[in-house]
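Let's take a walk through this structure together, moving from where the chains meet to the sheet and the helices around it. Have the 3D view ready to turn as you read.

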Amino acid sequence: MTTGTIGADTFDARRGSARTRRGSTRTRRGSAGGGYEDLGRLMSLMSGDEKHGPAATSTLDVLWVLYDRVLDVSPQNMTEPDRDRFYLSKGHGPMAYYAVLAAKGFFPESWLTDWASFDSPLGHHPDRVLVPGVEISSGSLGHGLPLAVGTAIGLRAQGLHARVVVLVGDAELDEGSNAEAIQLAGALGLDRLTVVVVDNASTSYHRPGVIAPRFEHEGWDALVVDGRDHEALEWSLSRRTPGRPNVVVAEVESK
Amino acid sequence: MRDPRETFARTATELLDEDLSTALVYAEISGQYFGDAARRHPDRVVNVGIREQLLLSVGAGLALTGMRPIVHTFSSFLVERSFEQIKLGFSHQHVGGVLVGSGGSVDISSGGRTHQSPGDVALIDTLPDWTVHVPGHADEVAESLRQAVAGEGRHYVRVVGQQNTTAFAVRPGRMHVVRRGSGATVVAVGPMLDPVLDAVEGLDVTVLYANIVRPFDMTGLRAVLGTNEIVLVEPYLAGTSSRVVAEALRDLPHRLLALGIGRTELRRYGEPQEHLAAHGLDAAGLRASITRFLAAAAAA
């Protein structure tokens with residue numbers, strides 16, 4: 001396994017990236033790998049379940065549209081300082097994430113078959129040190145959005161126009177740390193930050209329609225879209241709102 | 001003498017001026033010191049408000065973009081309140097940063113338990129690869145901060161009001177021999193040096209001084225051992241460094257007395273010096289503990 005080298009490179013590059021600010025050629029997306037129709041097969045390599053279709057995973061369509069149509073990140077530019085970042089805050093159920101990363105060529109498809117085994121870099125919660133293309137290690141809820149706030153501040157301070165898109169679950173918003181992050185991002189007008197809330201109404205104390213207004217109260221731009229509609233997802237997630245962070249609430253079937 | 005916390009703030013401001021990759025994140029506390037820095041570097045000086053979980057995560061998120069964050073508030077909120085953000089934001093993400101805590105164990109004695117963090121170093125010590133600075137003088141604060149920001153990796157700098165009369169060089173993993181004797185070895189950490197020197201007046205002991213405790217200078221400790229009796233005097237939770245002394249001396253029969261802040265809540269206010277005395281960390285208390293320990297050795 002060569003994953004140790006990957007982690008070391010990521011860490012060593014830390015200081016250099018702030019100081020050298022290389023001008024990268026912004027290659028839009030990797031051409032390697034399969035398409036959306038291939039994701040079911042890739043996920044079945046992990047689940048062992050041939051019938052495990054894309055619809056069974058709440059995050060799959062959002063993830064696919066981000067990596068296929070929205071984010072400027074690929075295996076070719078994934079260490080460049082001005083790449084777009086995607087933070088999977090809700091680290092639970094990462095099969096769809098791994099399937100999309102494999103489809104886009106970040107790591108070999110063969111890694112999927114023994115996932116969550118002792119020797120696999122792919123666990124039930126992703127580790128950025130082990131998996132190329134994974135920007136944050138997640139699993140404990142309520143950390144990704146606060147980290148993304150710091151990243152958005154860092155991108156702004158360095159004059160980089162890249163953005164950070166962070167995926168949270170609706171139940172993950174139970175964690176109070178998100179409230180701190182939502183408030184500060186609004187106050188600072190962090191327009192390099194986008195949150196996509198995959199809303200499958202899974203929080204125990206669910207109240208319909210409260211997520212978008214909660215962000216709006218803190219100065220965010222908010223949209224609610226069908227989390228299975230690729231055109232709507234592409235349009236809403238591609239949108240930048242100068243001077244304000246934005247949130248896209250992607251509604252999917254209730255859990 | 002210069003005030004250690006003001007020295008931290010001034011040094012941080014200088015570092016922000018000197019290095020574009022440096023950022024300062026704080027949470028209201030100490031904001032009175034950072035006005036100039038914030039005016040000169042509005043994008044790199046961030047007050048997150050009264051949001052300490054976010055404080056740590058913002059620091060780590062900055063590090064993920066390649067910047068070098070200095071993250072500051074009282075140690076009670078920096079380390080104890082936000083510990084998972086340190087564990088996951090810095091250690092698990094495998095990024096570097098410089099955490100600077102003030103207040104320590106007794107600075108805010110009149111504030112009571114909520115503002116006291118004797119457990120900070122013990123908590124950080126549950127994580128691998130942190131350099132822990134315990135400066136005992138304002139000049140050491142400045143030097144520790146400069147080294148930590150210029151370096152790589154993860155650093156915790158513990159800034160407190162109490163200080164020694166003399167500043168020592170800051171050398172990671174190396175203690176200073178302050179006094180040579182033929183008996184026991186007393187390790188004084190940070191601001192405990194002056195009271196230790198007063199306490200051992202007339203005793204035939206060696207005194208080592210540590211202003212960095214992780215990594216701990218195991219070689220330096222072994223090099224000066226007279227009798228195999230060691231006294232550890234730390235300005236935070238008693239016994240925090242017992243495990244590293246035990247590791248350093250694992251092949252030697254030895255006796256260890258570990259002094260520091262006790263676990264019992266005092267539920268007292270008053271002055272820092274009164275709290276130090278209550279924990280036996282003034283010169284008189286230290287002398288009583290040390291002579292009792294050495295007498296027990298002589299009797300054995």
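Two residues are in contact here if their C-beta atoms, placed from the backbone, lie within 7 Å. Keep in mind as we go that this is a predicted model.

With that definition in hand, look at where the two chains touch: the contact takes 29 residues from chain B and 30 residues from chain A. On the chain B side, H3 and H5 each supply at least two residues, and the largest share, 10 residues, comes from H3(B). By class, the residues on this side of chain B divide into 12 nonpolar, 13 polar and 4 charged.

Helix H5 of chain B, residues 83-92, deserves a closer look. Its buried residues are B:Gln85, B:Ile86, B:Leu88, B:Gly89, B:Phe90 and B:His92. What do they pack against? Across the chain boundary there is helix H5 (144-157) of chain A, and within chain B there are helix H3 (52-64), helix H4 (75-81), strand E4 (97-102) and strand E6 (154-159). Follow the backbone just past H5(B) and you will find B:His94, which takes a positive phi of about 65 degrees.

Now turn to the sheet of chain B. Here 7 strands form an open sheet with mixed pairing, in the order E2-E1-E3-E4-E6-E5-E10. At its edges lie strand E2 (45-47) and strand E10 (212-214), each pairing on one side only. From one strand to the next, the twist averages 20 degrees. Strands of a sheet pair through backbone hydrogen bonds, either parallel or antiparallel. Strand E1 (residues 22-26) and strand E3 (residues 68-74) of chain B pair in the parallel sense, over 5 bridges. Within that pairing, B:Ala23 has B:Pro69 of E3(B) as its bridge partner.

Helix H1(B) packs on this sheet, touching E1, E2, E3, E4 and E6 of chain B, and its direction makes about 140 degrees with that of E1(B).

H1(B), residues 4-18, also meets another helix: its axis and that of H7(B), residues 138-150, come within 8 Å and cross at roughly 35 degrees. The crossing of H1(B) and H7(B) is right-handed. H1(B) brings B:Pro4, B:Thr7, B:Phe8, B:Thr11, B:Ala12 and B:Leu15 to the contact, while H7(B) brings B:Ala138, B:Val141, B:Ala142, B:Leu145, B:Arg146 and B:Val149. The spacing along each helix fits a simple rule: an α-helix has 3.6 residues a turn, so residues three or four places apart point the same way. By class, this contact of H1(B) with H7(B) has 9 nonpolar, 2 polar and 1 charged residues.

Note on methods: Residues numbered from 1 in each chain as written. Chains lettered and ligands numbered in written order. Predicted model: local features only at pLDDT ≥ 70, side-chain atom pairs only at ≥ 80, totals over all residues. Axes fitted to C-alpha atoms, helices over the stretch in contact; angles between N-to-C directions. Helix = DSSP H or I, 4+ residues; strand = E, 2+ residues; numbered from the N terminus. Left-handed = near helix turned anticlockwise from the far one by under 90°. Nonpolar A, V, L, I, M, F, W, Y, C, P; charged D, E, K, R; others polar. Buried ≥ 20, exposed ≤ 12 C-beta atoms within 10 Å, placed from the backbone. Pairing = 2+ DSSP bridges.
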